[in-house]
Amino acid sequence: FTSNGSETTFFIAPGNYDIVAHKVAPEGQEMTIKETNIALKMEQGAIKRFAFQTGSLVLKGETSQKIPVALNYRVTKSGETTNVIMEGQVEKTGGKIELPPGIYDIAVEAVDPTLESKPKGKLSAIAVEGGAIQEKLITLVVGTLNIKVVKAGDEMAPSKIFVIDPATKE
């Protein structure tokens, strides 16, 4: 049986039942709640209310120099890398992500036009509980590279400089 969330009455024989409610939308954020051994007696009814509660994760990022940075994030079930449940961006001040209860990995990348490279990081095995709010700060390691281009005799030489990551060729 499919429900739009409104209350529905079932007429069933007295006995003990397990009731399972599976929230199907939005995609990737499915949740299941199970009530076991619900006793229905002759001429008595039972009312069960299923409340799907998400957990809140406040995600913040900073560089190793303690400078706040905005982040692009991708959330997957812990241990999985390809099935992305949710992705988005949080500002420098952080942002809240609502997730169903579960254990997740969160891959992040800094969003900062002043950074030549886009440092990446990962939070692993983050447990999210329904109704709970937790804050996670990820520190992205960035270094500094000082380059001075000179001609012979320490005279400045105007130049274009490219810093290339050998792995990405960018």
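## Salt bridges

Lys96 and Glu98 pair up in a salt bridge, with 3.9 Å between their closest N and O atoms. That is within the 4 Å allowed for such a pair. The model you are looking at is predicted, so please read every contact here as a computed one. Lys96 counts as exposed because its relative accessibility is 55%, over the 50% that the term requires. Its partner Glu98 comes out at 32%, and therefore counts as partly exposed.

How many salt bridges does the structure hold? There are six, and the pair of Lys96 and Glu98 is one of them. Another joins Lys120 to Glu109, whose side chains meet at 3.8 Å from N to O. This pair links distant parts of the chain: Lys120 belongs to strand S8 (residues 120–128) and Glu109 to strand S7 (residues 102–111), with their positions 11 residues apart in the numbering. Lys120 is exposed, as its relative accessible area is 61%, while Glu109, at 25%, is partly exposed.

A further salt bridge connects Glu135 with Lys60, and here the closest N and O atoms are 3.6 Å apart. These two also tie together distant parts of the chain, since Glu135 sits in strand S9 and Lys60 in strand S3 (residues 55–63), 75 residues apart. Glu135 is exposed at 51% relative accessibility. Why is Lys60 called partly exposed? Its relative accessible area is 27%, which falls between the limits of 20% for buried and 50% for exposed.

## Strands S7 and S8

Back in strand S7, Ile103 is a residue worth a look. Its C-alpha atom is separated by 4.4 Å from that of Ala127, although the two are 24 residues apart along the chain. With a relative accessible area of 46%, Ile103 is partly exposed.

Ala125 is found in strand S8, the strand that also holds Lys120. Its phi is near 50 degrees, a positive value in a residue other than glycine. Ala125 is partly exposed, because 48% relative accessible area stays below the 50% mark for exposed residues.

## Asn37 in strand S2

Which residue of strand S2 has a positive phi without being a glycine? Asn37 does, with a phi of about 55 degrees, and its place is in strand S2. At 53% relative accessible area, Asn37 is exposed. If you are checking backbone angles in this model, Asn37 and Ala125 both carry positive phi values.

## The largest pocket

What volume does the largest pocket have? About 1300 Å³ of space lies in it. The lining is made of 35 residues, and those closest to the centre of the pocket are Phe1, Thr8, Phe10, Ile19 and Phe50.

Strand S1 (15–23) and strand S2 (31–40) each give at least two residues to this lining. S1 has the largest share, with seven residues. By residue type, the lining is divided into 18 nonpolar, 10 polar and seven charged residues.

## A nonpolar surface patch

Now to the surface, where Leu145, Ile147, Ile161 and Val163 form a nonpolar patch. Together these four residues offer about 390 Å² of accessible area.

Is Leu145 buried or exposed? Leu145 counts as exposed, because its relative accessibility is 58%. It lies in the segment after strand S9 (133–140), and S9 is also the strand of Glu135 from the salt bridge with Lys60. Finally, how are Leu145 and Asn37 placed in space? Their C-alpha atoms are separated by 65 Å, and along the chain the two residues are 108 apart.

Conventions
Residues are numbered from 1 along each chain as its sequence is written. This is a predicted model: local features need pLDDT of at least 70, side-chain atom pairs count only at pLDDT 80 or more; totals for chains, interfaces and linings use all residues. Side-chain values use heavy atoms; hydrogens and water are left out. Patches are made of residues with over 30% relative accessible area and no salt bridge: like charges are joined within 9 Å, nonpolar side chains (Val, Leu, Ile, Met, Phe, Trp, Tyr) within 5 Å. Accessible areas come from the Shrake-Rupley method with a 1.4 Å probe; for residues, only the protein chains shown count as cover. Helices (H or I, at least four residues) and strands (E, at least two) are DSSP runs, numbered from the N terminus. Buried means under 20% relative accessible area, exposed over 50%, partly exposed in between (1.4 Å probe, protein chains only). On a 1 Å grid over the protein atoms alone, a cavity is a set of points where a 1.4 Å probe fits but cannot get out, and a pocket is an open set with protein on both sides within 12 Å along at least five of seven lines; lining residues have an atom within 4 Å of a point. Grid points are joined across faces, edges and corners, and a volume is the space filled by probe spheres set on the points. Ala, Val, Leu, Ile, Met, Phe, Trp, Tyr, Cys and Pro count as nonpolar, Asp, Glu, Lys and Arg as charged, and the others, Gly among them, as polar.
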